[in-house]
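This report describes selected side-chain contacts, backbone features and surface charge in one protein chain. The sequence and the structure are shown first, and the description follows.

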Amino acid sequence: MSTLIRRTVPTLALVGAMAMVATGCVAGENAPAPAAASGEAEWSTDTVTVDWATYNPLSLVVRDQGLIEAALGDGVEVEWVQSAGSNKANELLRSGSADVASTAGSAALFARANGSPIKVIDIYSQPEWSALVVGADSEITSVEQLEGASIAATKGTDPYFFLLQALETAGLSLDDVEVQNLQHADGRAALEGGSVDAWAGLDPIMAAAEVESGAQLIYRNVDFNTYGFLNATEDFIENHADVAQVIVDAYEEARAWALENPEETAALLAEAAGIDPVVAATVIEERSNLDVSGVPGADQLAVLEKIAPVIVESGDVAGGQEAVDAALESIIEDSFAKQATGQ
């Protein structure tokens, strides 16, 4: 739990949920709305599981300030689970171990194309969180020099798809390198231990490696990073739209607070990730663009359409192009974010 002094939790999330009852603006034809009577609201479920992740700063704010708990009251138990990467968040969603979880946009598209019934309900950031990294004493200075190299990357995540795009810029492919499928933190350890030549890194672990170990970023390209997606299962969207709205309302409230309080947001990240506050400040202020619309739409689809061929060519989607196209056409659920932002 953060040592920061908590502020009084505003009632925006509860107001947004109650507004849904008045307007009938919910996703899913069969989704029950909360009965906000003179007492405590009645919700469509008595428990909800939401993830938090160090690559999703807004999740840290929402959890620390208890925004969801305050809006739902004692009638709903809120369980928090940590996602160590987009692949782990997708595993939580696919298994039913989480109702709402945060990934990169590319990872969400990849999961839906492979049959995971998820949709994006809010955008939490437009970060530059991926880059290609080598050790402090490495002689590798360019992507071209990675031919024949061993590279750590977490399959199904933005850094992995970043790697594929970066290799393409140098006329290389997966056939020209050896990819070791390691979780992000293990990738850093492998790089520093000398068992791989390079690592497709992810912040804040990557930023910490720069400061603490002298790791070098040899290739950066903000356009190869996809947005931060907050995803929910279709079952949760259809059957618990009232609670989904509360969660998105809480995210939008957290965004406003984080933009007004970058130092406090960095302190939350430093504590959650166990990194130096200076490193956390770099991640929040220089590599995490939280000042974006939470409503998923054309901007996100444009990025996903660029990454789609890379996902198809990876060979990791059983249905190939057809499955990826179908996922692109159905991945967005914008009604909650529109309600939360007044659009």
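## Contacts and surface features of the predicted model

Thr 341 is partly exposed, because its relative accessible area is 31%. This residue belongs to helix α15, which spans residues 335-341. Thr 341 and Asp 249 are separated by 92 residues in sequence, while their C-alpha atoms are 8.1 Å apart in space. The structure described here is a predicted model.

**The loop between β8 and α8**

Asp 203 is located in the loop that runs between β8 (198-202) and α8. Its relative accessible area is 4%, so Asp 203 is buried. Pro 204 lies in the loop between β8 and α8 as well. The peptide bond leading from Asp 203 to Pro 204 is cis, with omega near 5 degrees. In general, most peptide bonds are trans.

Asp 203 also has a contact partner remote in sequence: its C-alpha atom is separated by 6.4 Å from that of Tyr 55, with the two positions 148 residues apart along the chain. Tyr 55 in turn leads to the aromatic contacts.

**Aromatic pairs**

The structure holds 7 aromatic pairs. One of them joins Tyr 55 to Trp 129 in an edge-to-face arrangement, with 6.2 Å from centre to centre and 85 degrees between the planes. This pair links distant parts of the chain, since Tyr 55 is in the loop between β1 (47-52) and α2 (57-65) and Trp 129 is in the loop between β4 (118-125) and β5 (130-134), 74 residues apart.

Are these two residues buried or exposed? Tyr 55 has a relative accessibility of 5% and therefore counts as buried. Trp 129, at 4% relative accessibility, likewise counts as buried. Trp 129 also pairs with Tyr 124: the ring centres are 6.4 Å apart and the planes stand at 55 degrees, so this pair is tilted. The angle falls between the limits of 30 degrees for stacked and 60 degrees for edge-to-face pairs, which is why the tilted class applies. Tyr 124 and Trp 129 are both buried. Through ring pairs, Tyr 55, Tyr 124 and Trp 129 are linked into a cluster.

**Salt bridges**

Across the whole structure, 10 salt bridges are found. Side chains of opposite charge can pair when their charged atoms come close. The table presents three of the bridges with the N to O distance of each.

| Pair | N to O distance |
|---|---|
| Arg 188 and Glu 192 | 2.7 Å |
| Arg 188 and Glu 212 | 2.9 Å |
| Arg 287 and Glu 210 | 2.5 Å |

Arg 188 takes part in a bridge with Glu 192 and in another with Glu 212. The latter pair links distant parts of the chain, with Arg 188 in helix α7 and Glu 212 in helix α8 (residues 205-213), 24 residues apart. Where the partner is Glu 192, the separation is about one helical turn, because Arg 188 and Glu 192 are 4 residues apart in helix α7 (residues 184-193).

The accessibility of these residues varies. Arg 188 counts as buried, because its relative accessibility is 14%. Glu 192 has a relative accessibility of 42% and so counts as partly exposed. Glu 212 is partly exposed too, with a relative accessible area of 46%.

Helix α8 also contributes Glu 210, whose salt bridge partner is Arg 287. This pair links distant parts of the chain, Arg 287 being in helix α12 and Glu 210 in helix α8, 77 residues apart. Arg 287 is buried at a relative accessible area of 7%, whereas Glu 210 is partly exposed at 25%.

Elsewhere, Asp 122, Glu 252 and Arg 255 are linked in a network of salt bridges.

**A negative surface patch**

Which residues form the negative surface patch? Glu 263, Glu 264, Glu 285 and Glu 286 form it. Two helices, α11 (262-273) and α12 (277-287), each supply at least two residues of this patch. Glu 263 lies in helix α11. Its relative accessible area is 63%, so Glu 263 is exposed. Residues enter such a patch with over 30% relative accessible area and no salt bridge, and the value of 63% for Glu 263 therefore satisfies the area condition.

How values were computed: Residues numbered from 1 in each chain as written. Predicted model: local features only at pLDDT ≥ 70, side-chain atom pairs only at ≥ 80, totals over all residues. Heavy atoms only, no water. Patch = residues over 30% accessible without salt bridge, like charges linked within 9 Å, V, L, I, M, F, W, Y side chains within 5 Å. Areas by Shrake-Rupley, 256 points an atom, 1.4 Å probe, with all protein chains shown as cover. Salt bridge = Lys/Arg side-chain N within 4 Å of Asp/Glu carboxyl O. Lys, Arg positive; Asp, Glu negative; His and termini not counted. Charge placed at Lys NZ, Arg CZ, Asp CG, Glu CD. Buried < 20%, exposed > 50% of the residue type's maximum accessible area, 1.4 Å probe, protein only. Phe/Tyr/Trp six-rings, centres within 6.5 Å; stacked < 30°, edge-to-face > 60°.
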